[in-house]
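Trainee: Please take me through the terms used for this structure. I want to see each label set against its cut-off.

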Amino acid sequence: MQALVLTDIGHPLEWQTDYHEPEPCPGEVVVSIHAAALNSRDVWISKGQYAKIRLPCILGSDGAGTLDGRPVLINPSMNWGNTTRFQSPDFEILGMPRNGTFAQRVAVPRRQVYDMPAHLTFEQAAALPLAGLTAWRTLATRCRLRQGERVLITGIGGGVALMAMQFALAVGAEVWATSGSPEKMARARALGAAGGANYKDPDWAKQLKSTAGGFDVVIDSGGGPGFAELPGICNPGARIGVYGGTAGKINGLSPQIIFWKQLSILGSTMGHRREFQTMLNFVTRHKIVPVVDSVRPIPEAQHAFDRMAGGAQFGKLVVSVVGRR
């Protein structure tokens, strides 16, 4: 089998043409992968910045392909457990320590395999699972976004942030965004964002407060010093959903603003299988198409890793394993 394999931390992934075939356990099936997509966790794992790293390993959490001839995609949220409140101690994400989707075939539990939305290509479908589930749980389950509310999504351009924007717009919310790139902000507006601010500007929060007013929901992946500005631009009773922490620890956060405004800060990671199905139903009903930055043949996937590491992408970085649908 052909596969892209991480053999050593800090080294480029190796394209191998004779990797061993997946051996399914009872209750598992083997999906033939047509397209896969990168996530930030793939870059972190390749740099050694992740727990329980096992080598050699095939990375990749997102994948779309075929099972018994029918188009399918894979839910990468493994062993979540029975409650939607939080994941079980056995929870893991496909692509480490279990082999993932950067290969011609992957073995996964049958319950993780879902019919692919008919309006999507394999490349578009591969961009959906991890980002779509993360965005859906953060926005719909945790923050309970409602029609007519005003939403701020920080760091627009990443896969989860863009999916959250597309979901919020489909719900009927007014969406604003932040980015460090004027080009990315322009593209976000073209997709339906009402406006936004450049978080590199010292007064970005004041700019947003002046132009947008207050926010009912904020979706954040950064954390860091900028997070302390968010409560100040929230409306009373607002919800702040947190699904990442790329900017590090939060300093300068005022608890007085949080309790006086009755704000809720809600953490979220991946999601339950019922949330995955609900997300797929929503995508199908609204004919949502994930934003794809680029598609490369899988032997050239290292270029996609480098692009993600530099933060240049707008949308998902997809690798094609076989010809397009």
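Mentor: Start with an open sheet of three strands, in the order 2-1-4 and with antiparallel pairing. Strands here are DSSP runs of E, at least two residues long, and helices are runs of H or I, at least four long, both numbered from the N terminus. This is a predicted model, where local features need pLDDT of at least 70 and side-chain atom pairs pLDDT 80 or more, while totals for chains, interfaces and linings use all residues. Residues are numbered from 1 along each chain as its sequence is written, and side-chain values use heavy atoms, without hydrogens or water.

Trainee: What makes strand 2 and strand 4 the edge strands?

Mentor: Strand 2 (14-16) and strand 4 (57-58) each pair on one side only.

Trainee: How do you know that strand 1 and strand 4 pair?

Mentor: Count the bridges. Strand 1 (residues 3-6) and strand 4 share two, in the antiparallel sense. Pairing asks for at least two DSSP bridges, so they qualify. One bridge joins Val5 to Ile58 in strand 4.

Trainee: Why is strand 9 described as largely enclosed?

Mentor: Strand 9 (residues 105-109) has five residues, and four of them are buried, so the rest of the structure largely encloses it. Buried means under 20% relative accessible area, exposed means over 50%, and partly exposed lies in between (1.4 Å probe, protein chains only). Strand 9 also runs antiparallel to strand 3 (residues 28-37), joined by five bridges. Val31 has Val106 as its bridge partner there.

Trainee: Which class does Pro297 fall into?

Mentor: Pro297 lies in strand 17 (residues 292-297). Its relative accessibility is 39%, so Pro297 counts as partly exposed.

Trainee: What is noteworthy about phi in Lys52?

Mentor: Phi of Lys52 is near 55°, a positive value in a residue other than glycine. Lys52 sits in the loop between helix 1 and strand 4. At 68% relative accessibility, Lys52 is therefore exposed.

Trainee: Is Met270 buried or exposed?

Mentor: Buried: its relative accessible area is 3%. Met270 also has a positive phi, about 50°, although it is not a glycine. Met270 is in the loop between strand 16 (264-267) and helix 8.

Trainee: What makes the contact of helix 4 with helix 8 largely a matter of one class?

Mentor: First, the geometry. Helix 4 (residues 159-171) and helix 8 (residues 273-286) pack at about 65°, with axes 11 Å apart. Axes are lines fitted to C-alpha atoms over the stretch in contact, and angles run from 0 to 180 degrees between N-to-C directions. Phe167, Ala170 and Val171 in helix 4 meet Met279, Phe282, Val283 and His286 in helix 8. Contact means heavy atoms within 4.5 Å. By class there are six nonpolar residues, one polar and no charged. Ala, Val, Leu, Ile, Met, Phe, Trp, Tyr, Cys and Pro count as nonpolar, Asp, Glu, Lys and Arg as charged, the others, Gly among them, as polar.

Trainee: Which residues have the most contacts inside the largest nonpolar core?

Mentor: They are Leu73, Val151, Ile153, Ile156 and Phe167, in a core of 54 residues. Helix 4 gives the most to this core, eight residues. Another core, of 36 residues, lies apart from it and includes Val5 and Met96. A nonpolar core is a set of buried Ala, Val, Leu, Ile, Met, Phe, Trp, Tyr and Cys residues joined through side-chain atoms within 4.5 Å.
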